[in-house]
Amino acid sequence: MASFAFHAISLRSSFLPPTSSLAVTFSSSSSPLASPCVVRFPILSSLQSTAEDRKRTGVNWGCDPQSIEKGSLLQDWLMKEGLAKQKLVLDRVDSGGRGLVATQSLRQGERLLFVPSGLLITADSEWGCAETGRIIKEAGLPEWPMLAIFLISEASREESSRWFPYFATLPKTPSSILQWTEEEVNTWLTASPVREKALECIRDVTETYRDLRATIFLKHPEVFPSQVYTLAAFKWAFGILFSRLVRLPSVGKLALVPWADMLNHSPQVDSFLDFDQNNAKSVVTVTDRAYQSGEQVFISYGKRSSGELFLAYGFIPSELNVHDSVELEMEIDSDDPSFEAKLRAANEQGLSSPQRFPVRKDGFPAQLLAYARLIASRTSDPAQLSRIDC
Ligand SMILES: C[S@@+](CC[C@H](N)C(=O)[O-])C[C@H]1O[C@@H](n2cnc3c(N)ncnc32)[C@H](O)[C@@H]1O
């Protein structure tokens with residue numbers, strides 16, 4: 001089953017190549033343009049941002065993250081493009097600002113969404129500007145930066161992009177850690193275990209942008225105008241990917257799935273997104289419980305701790321998150337006269353000293369208690385110590 005699959009922790013290994021190898025992988029082609037695409041800047045019309053937004057994000061695309069005004073336009077467009085009739089509507093919600101709400105009662109096990117493959121944005125999607133697509137494909141980029149550039153390329157084409165109605169509903173300021181400055185991270189996450197990962201994530205995306213700029217954008221300035229392909233635009237695009245890209249397990253693909261990406265996460269829910277290759281030939285989710293008409297429908301973005309959710313999606317769930325844990329480190333006292341015997345007993349059970357155990361809000365592993373008993377035991381008899389079942 002699929003989930004909203006990306007967060008900073010897994011990003012580095014999965015998409016960000018090391019700076020040095022990035023430079024050699026890219027093509028250095030600088031062939032003249034057959035037909036340069038029109039890229040307008042600044043972007044006008046309904047995607048126009050307020051001065052305050054621009055100061056903060058530096059991009060002019062998308063809308064206020066809470067806005068549902070463009071929701072019915074999005075739904076009309078999606079239905080024209082093949083989306084099935086929906087039992088859900090985009091509305092304001094308590095958890096998540098905007099979300100999909102049931103328009104009728106839904107039973108447990110009900111299949112929803114049915115977003116056809118032609119509406120998915122993937123690495124195989126057709127580029128509105130063929131020349132941009134050609135350069136990027138020849139460069140052989142990994143999927144994440146390729147999709148980020150796809151987003152900027154399409155967003156900057158405004159109404160001439162096929163995806164214009166979709167971009168109009170994307171948040172102008174995706175709530176990801178990339179919108180934070182390093183100073184903000186150091187100030188607000190001083191005591192947080194995710195501070196280092198947050199800084200690493202911001203630096204990785206910034207470095208990737210710098211590499212792309214040096215190896216591709218500056219070599220093709222007519223295709224990648226410097227006022228459009230800015231670091232801010234790149235962070236916006238990555239913020240969109242962090243918070244909305246899904247892996248569809250049955251087809252093994254990364255995709256942006258318009259409409260499905262309006263579903264918010266609940267740690268209590270066990271419904272995911274996947275592509276149904278058999279009958280529906282579209283992205284579906286199956287409800288894991290019944291919903292009343294008017295209730296917000298949730299999916300799961302995966303079994304993620306609040307720290308992971310915060311880094312990728314920019315929120316911390318308000319309800320109990322059973323995936324939260326703190327690593328508790330315990331060790332056998334090296335001054336304990338039975339230290340060697342206790343260590344052997346622990347080793348026999350695959351444990352060592354010090355040893356870390358995850359402690360979650362809903363409990364801790366039984367091994368933790370047994371290990372504590374081993375540490376506290378007053379016997380030095382190896383046979384008795386071995387019987388303490390870790
Ligand atoms: C895939 S989008 C879901 C749709 C989103 N609410 C919107 O209006 O575009 C993921 C984003 O929704 C928000 N979100 C999702 N689940 C949430 C929750 N349980 N509480 C608060 N915000 C949530 C976060 O901003 C997250 O980055």
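Author: A polar contact is a pair of N or O atoms within 3.5 Å. With that in hand, we can go through this predicted model.

Reader: What makes glycine 96 a polar contact of the ligand?

Author: A polar backbone atom of glycine 96 lies 2.9 Å from a nitrogen atom of the ligand. The cut-off is 3.5 Å, so the pair counts as a polar contact.

Reader: Which N or O atoms of tyrosine 313 and arginine 244 lie by an oxygen atom of the ligand, those of the backbone or those of the side chain?

Author: For tyrosine 313 it is a backbone N or O atom, 2.6 Å from a ligand oxygen. For arginine 244 it is an N or O atom in the side chain, at 3.0 Å from an oxygen of the ligand. Of the 570 Å² of accessible area that the ligand has on its own, the protein covers 90%.

Reader: What surrounds the ligand, by count and by class?

Author: There are 15 residues around it, and Arg98, Ser175, Asn264, His265 and Tyr313 are the closest. By class, 7 are nonpolar, 5 polar and 3 charged. Helix H10 (231-244) and strand E7 (264-265) supply at least two residues each.

Reader: Now the charged pairs. Why is the pair of aspartate 276 and arginine 111 called a salt bridge?

Author: Their closest N and O atoms are 2.7 Å apart. The limit is 4 Å between a side-chain nitrogen of Lys or Arg and a carboxyl oxygen of Asp or Glu, so this pair qualifies. The partners are 165 residues apart, with aspartate 276 in strand E8 (residues 274-276) and arginine 111 in strand E4 (residues 111-116).

Reader: Why is aspartate 276 called buried, while arginine 111 is called partly exposed?

Author: Buried means under 20% relative accessible area, and aspartate 276 has 11%, so the word fits. Arginine 111 has 35%, which falls between 20% and 50%, so it is partly exposed.

Reader: How do you know that glutamate 131 and arginine 134 are about one turn of the helix apart?

Author: Both lie in helix H5 (residues 130-139), with their positions 3 residues apart in the numbering. They form a salt bridge at 2.8 Å. Glutamate 131 is at 8%, under the 20% cut-off, so it is buried.

Reader: What does the salt bridge of glutamate 329 and arginine 356 tie together?

Author: Glutamate 329 is in strand E11 (residues 325-330) and arginine 356 in strand E12 (residues 355-360), so the bridge joins parts 27 residues apart in sequence. The closest N and O atoms are 3.2 Å apart.

Key: Residues are numbered from 1 along each chain as its sequence is written. This is a predicted model: local features need pLDDT of at least 70, side-chain atom pairs count only at pLDDT 80 or more; totals for chains, interfaces and linings use all residues. Side-chain values use heavy atoms; hydrogens and water are left out. Helices (H or I, at least four residues) and strands (E, at least two) are DSSP runs, numbered from the N terminus. Buried means under 20% relative accessible area, exposed over 50%, partly exposed in between (1.4 Å probe, protein chains only). A residue is near a molecule or strand if one of its heavy atoms lies within 4 Å of it. A polar contact is a pair of N or O atoms within 3.5 Å; within protein, one must be able to donate a hydrogen and the other to accept it, and residues adjacent in sequence count only if both atoms are side-chain atoms. Accessible areas come from the Shrake-Rupley method with a 1.4 Å probe; for residues, only the protein chains shown count as cover. Ala, Val, Leu, Ile, Met, Phe, Trp, Tyr, Cys and Pro count as nonpolar, Asp, Glu, Lys and Arg as charged, and the others, Gly among them, as polar.
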